[in-house]
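Q: Hi! Could you walk me through this protein model in plain words?

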Amino acid sequence: MTATPLNSARQVDHHALYRALVLEHARSPRNFGLLENASHRAEGINPLCGDKLELAFRIDDLGRIVDATFEGTGCAISVASASILTEAVAGLSVAEAHALFTHFQALLDDGPDTGASDLAEPLLALAGVRQFPSRIKCATLAWHAMLGATEDTGNAPVTTE
Ligand code: ZN
């Protein structure tokens, strides 16, 4: 027998968690709407899927993200990812938010057992999108927009293409 029941079970759980989380956040996205007094914003466009999101942040004088919101339209994965992002980066410094994206990206590239599992559960679950490689750009769109908003790029729209 070459089956590895433990790994298979964990895989199934991970997929189920991913689906449930994406659906839940897509149905009732957190921090969806206009941010009054935003200090940083950027638009993210994923032409392959038609996702178009605008991320807005209020960053204080110490470089800490005080508020994060998003608006726009997109598929369930892009909306869920943006929703999770706005919760995940609130309270972080810009540098910490960038590091979080680096970890999340590594998880998408390498899988769940690469030592990046100190990430919060929603991000671990969201990384389940890597079973659908064509949708990874949907899951990272908001994160690229976050980078665009918080790096000094002149607020040009961020596109995945
Ligand atoms: Zn999409």
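Here is a short chat about the fold, the metal site and one residue.

A: Happy to! This is a predicted model: local features need pLDDT of at least 70, side-chain atom pairs count only at pLDDT 80 or more, and totals for chains, interfaces and linings use all residues. Residues are numbered from 1 along each chain as its sequence is written, and side-chain values use heavy atoms, leaving out hydrogens and water.

Q: Cool, how many helices and strands does the protein chain have?
A: There are 5 helices and 4 strands, in the order α-β-β-β-α-α-α-α-β from the N terminus. Helices (H or I, at least four residues) and strands (E, at least two) are DSSP runs, numbered from the N terminus.

Q: Which residues coordinate the zinc ion?
A: Cys49 (SG), Asp51 (two OD contacts), Cys75 (SG) and Cys138 (SG), at 2.2 to 2.7 Å. Donors are N, O and S atoms within 2.8 Å of the metal (3.2 Å for Na, K and Ca); water is not among the atoms, so sites may look incomplete.

Q: And where do cysteine 75 and cysteine 138 lie?
A: Cysteine 75 is in the loop between β3 (65–73) and α2 (76–89) and cysteine 138 is in helix α5 (residues 136–150), so the pair ties together parts 63 residues apart in sequence.

Q: Are those two cysteines buried or exposed?
A: Both cysteine 75 and cysteine 138 are buried. Buried means under 20% relative accessible area, exposed over 50%, partly exposed in between (1.4 Å probe, protein chains only).

Q: New topic: what does valine 129 touch?
A: Its contacts (heavy atoms within 4.5 Å) include Tyr18, Ile77 and Leu108, not counting residues up to four places away in sequence. Valine 129 is buried, with a relative accessible area of 0%.
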